[in-house]
Each structure stands twice: as structure tokens, then as C-alpha cells.
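Q: Could you take a close look at one part of this model for me, starting with the backbone and then working out to its surroundings? I'd like it in plain bench language, as one connected story.

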Amino acid sequence: MDSAFILPPSPNLYFQRDPIALTPGGVIFSSMKMEGRQREADLLRSIFERHPLFKDAVHPLFPAAGQNPVPSIEGGDVIVLSKEAVAIGNSERTDAKAIYQVAKALLAEGTVQRVYEVHLPEKRQYMHLDTVFTILDENLVLTYPDALNAVLQTSLYTLKSQEGDKVHIKREVLKESLLTVLEREIPHLDIIHTGNGNPEYAMREQWFDGANVFAIGARRVISYNRNKHTNRALRNVGVEVLEIPSSELSRGLGGPRCMTMPLSRAKV
Ligand SMILES: NC(=[NH2+])NCCC[C@H](N)C(=O)O
């Protein structure tokens, strides 16, 4: 029987963070872990490769031409910490192999100097790296508190040597937590905990991606109205919180940041 749809339904298409990741060194075309989401990545990739607005502007980093099979990596695991550093979650959705490949391509490109691989625990509340923290200002980060020390291992990739096409990178396994990585990269780091200091509220609000707010400016965020304790914690330190209704959106199991794709970043 012919399908009733030209494109099969893509119920997760509103999570634009995942099918593509833009970094200071180029674009990662995601290879989604779940088959049901791969068509989103294919769709976005055709737009970026063909639309006049993008086709000459994108520098693709991943996957390599003709690579098959492609290891998986999803945009929600890729966090730009600064112009020079990118963190990538090794998670349920993103494989170590893909991280190595992206690290190599990024370091070879030259803008980014450090790529961190953050090993996330295999638990629902750690689906992607962006579910556990969001940068809100130069030195201010909102996090799900358990994540800071639950991550027991991180690795740091840096460039070892580069001669033409021959690129060698170095991997150092750091027995360090996510907190240490953030402290290394964000001077004078200040942390706000989801749940406003109460671990049970933090846990409950993590079901609705408490730590995944969308920062639209320094100390200005869009957050789900249901995450009241987290929103209170944010307001207590002077962050402006714009609440959005969340009864339906949160059912997709992602937060406001997951629904966005930054195409260009203002210089700060
Ligand atoms: N970047 C994110 N945290 N995205 C959340 C995506 C949720 C979506 N339902 C999925 O399972 O893929």
C-alpha cells in the first residue's frame, strides 16, 4: 500500500538541537541513534547542503565523505563552551568513535583548541549533555546538581601535529568531573542548581529538563513554567526568566534549549 505521507511523521522534529550541531569550526551533520530520528537529520542536511542561504557557508566536519556505517552523534551532546573549547557527551546517543572523529576534524580546522569528551552515566536524566547544564552568562551556569560529580571520567583532545592532511591528536584521560571541566573553561564559575537547593525538587524537575533552559541573552532565559523551583533559583540571582507553557511540549522529553538551533553567535 502507498504511504499516506510524502514524508513519514517526525514527531521529534521540534527538537532542532539534535539533527545538526554548529560549532565555531564547522557543522556536524548528526547520525541519530534512533532510526526514527534519522530522517530529521537527512532533511536538515539537504537544506544545509542545497539552500542558497547555507550551501556556500557551511564547513562540514562530520561525517567523513562516503563513510558507512557512520557512528552516532546527536547535536544535544555538543556544547560550545567558548570559542576555543567544545564539550561532547559520550552518552546513550553519542559514541566515542564519533567524538574522536569530530575532535580530529575540529582540531585540524584550527579554531577550536580543546575538545572534551564527557562520559555520562547511563540514566534517563542524562540523555544528552545539554540535559544537565546550560551556560547563562560569561561565568554563570545552571546545572542539575547530581551531574556535577556523577560524571567520573572526562577526556581531553588536543592537536599533537599537523602536516597537510596528516593530523595527529592527543587524548588525555582525566579522572575529572564535569564540575572540573567547567571550572577549567569558565573563569570565576558560578553555579545555580536546579531545584533551588532541594535534591528532590531537582530530581523531579529533571523529568522536565529543568537544566535545559534557553539563554536568549546574558542572564535571560526561556524556561518551562512547571519547573518552579528552578525558576525561583534563577530569579534569586537576578536571572530574568520568561516562562512558557509546558504541559504538551515537555511530553517530548526535551526542554526549551533542545528546541533551538543557533545559526550564528553574537560576539560577546
Ligand atoms: N537535545 C535534547 N536534549 N533533545 C531531547 C530530545 C528528546 C527526544 N524525544 C529524543 O528522544 O530524542
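A: Before we can say where anything sits, a word on the labels: helices are DSSP runs of H or I with at least four residues, strands are runs of E with at least two, and numbering goes from the N terminus. Also keep in mind that this is a predicted model.

With that in hand, let's start at His188, which sits in the loop between α4 (178-185) and β11. His188 isn't a glycine, yet its phi is positive, at about 55°. Is His188 buried or exposed? At 70% relative accessibility, His188 counts as exposed, since the cut-off for that label is over 50%.

Now follow the chain into β11 (190-193), which is among the elements that cover the buried residues of α6. Helix α6 spans residues 228-236, and His229, Thr230, Asn231, Ala233 and Leu234 are buried there. Why might buried residues sit at places like these along a helix? An α-helix has 3.6 residues a turn, so residues three or four places apart point the same way. In α6, His229 and Ala233 are both on the buried list, and so are Thr230 and Leu234. Besides β11, the cover over the buried residues of α6 includes β7 (133-137), β8 (140-143), α5 (199-206), β13 (220-224) and β14 (240-244).

Just past the helix there's another backbone detail: α6 is followed by Gly238, with a positive phi near 85°. Around here you also find a salt bridge between Glu243 and Arg235, with the closest N and O atoms 3.1 Å apart. Glu243 is partly exposed, at 38% relative accessibility, and Arg235 is partly exposed too, at 42%. Further on, in the segment after β14, comes Leu253. Leu253 is another residue other than glycine with a positive phi, this one near 65°, and at 37% relative accessibility Leu253 counts as partly exposed.

Leu253 brings us along to the part of the chain that meets Arg17. Arg17 is found in the segment before β1 (20-23), and its contacts from farther along the sequence include Arg257, Cys258, Thr260 and Pro262. Gly75, Gly76, Asp130 and Phe214 touch Arg17 as well.

What's curious about Arg17 is the charge situation: Arg17 is buried but has no salt bridge. Asp130 is the nearest side chain of opposite charge, and the gap is 5.2 Å. A salt bridge needs the side-chain nitrogen within 4 Å of a carboxyl oxygen, so that pair doesn't make the cut.

Arg17 also leads to an empty space. Rolling a probe the size of a water molecule over the atoms shows where empty space is left. The model has one cavity of 30 Å³ or more, and the largest cavity holds about 90 Å³ of space. Its lining is made of 14 residues, and those nearest the centre are Arg17, Ala21, Leu22, Val78 and Pro262. β1 and β4 (78-80) each put at least two residues into that lining. By class, the lining has eight nonpolar, three polar and three charged residues.

β4 also marks one end of a loop worth a glance, the one that starts after β3 (60-62) and holds Pro63. The peptide bond from Phe62 to Pro63 is cis, with omega near -5°. Pro69 lies in the loop between β3 and β4 too, and the bond from Asn68 to Pro69 is also cis, with omega near 0°.

For contrast with the unpaired Arg17, look at Arg171, which bridges to Glu117 with the closest N and O atoms 3.9 Å apart. Arg171 is in strand β10 (residues 166-174) and Glu117 in strand β6 (residues 114-119), so the pair ties together parts that are 54 residues apart in sequence. Glu117 is buried, at 1% relative accessible area, whereas Arg171 is partly exposed at 44%. Overall, the structure holds 15 salt bridges.

How values were computed: Residues numbered from 1 in each chain as written. Predicted model: local features only at pLDDT ≥ 70, side-chain atom pairs only at ≥ 80, totals over all residues. Heavy atoms only, no water. Buried < 20%, exposed > 50% of the residue type's maximum accessible area, 1.4 Å probe, protein only. Lys, Arg positive; Asp, Glu negative; His and termini not counted. Contact = heavy atoms within 4.5 Å. 1 Å grid on protein atoms, 1.4 Å probe; cavity = no way out; pocket = protein on both sides within 12 Å on 5 of 7 lines; lining within 4 Å. Points joined across faces, edges and corners; volume = space filled by probe spheres on them. Nonpolar A, V, L, I, M, F, W, Y, C, P; charged D, E, K, R; others polar.
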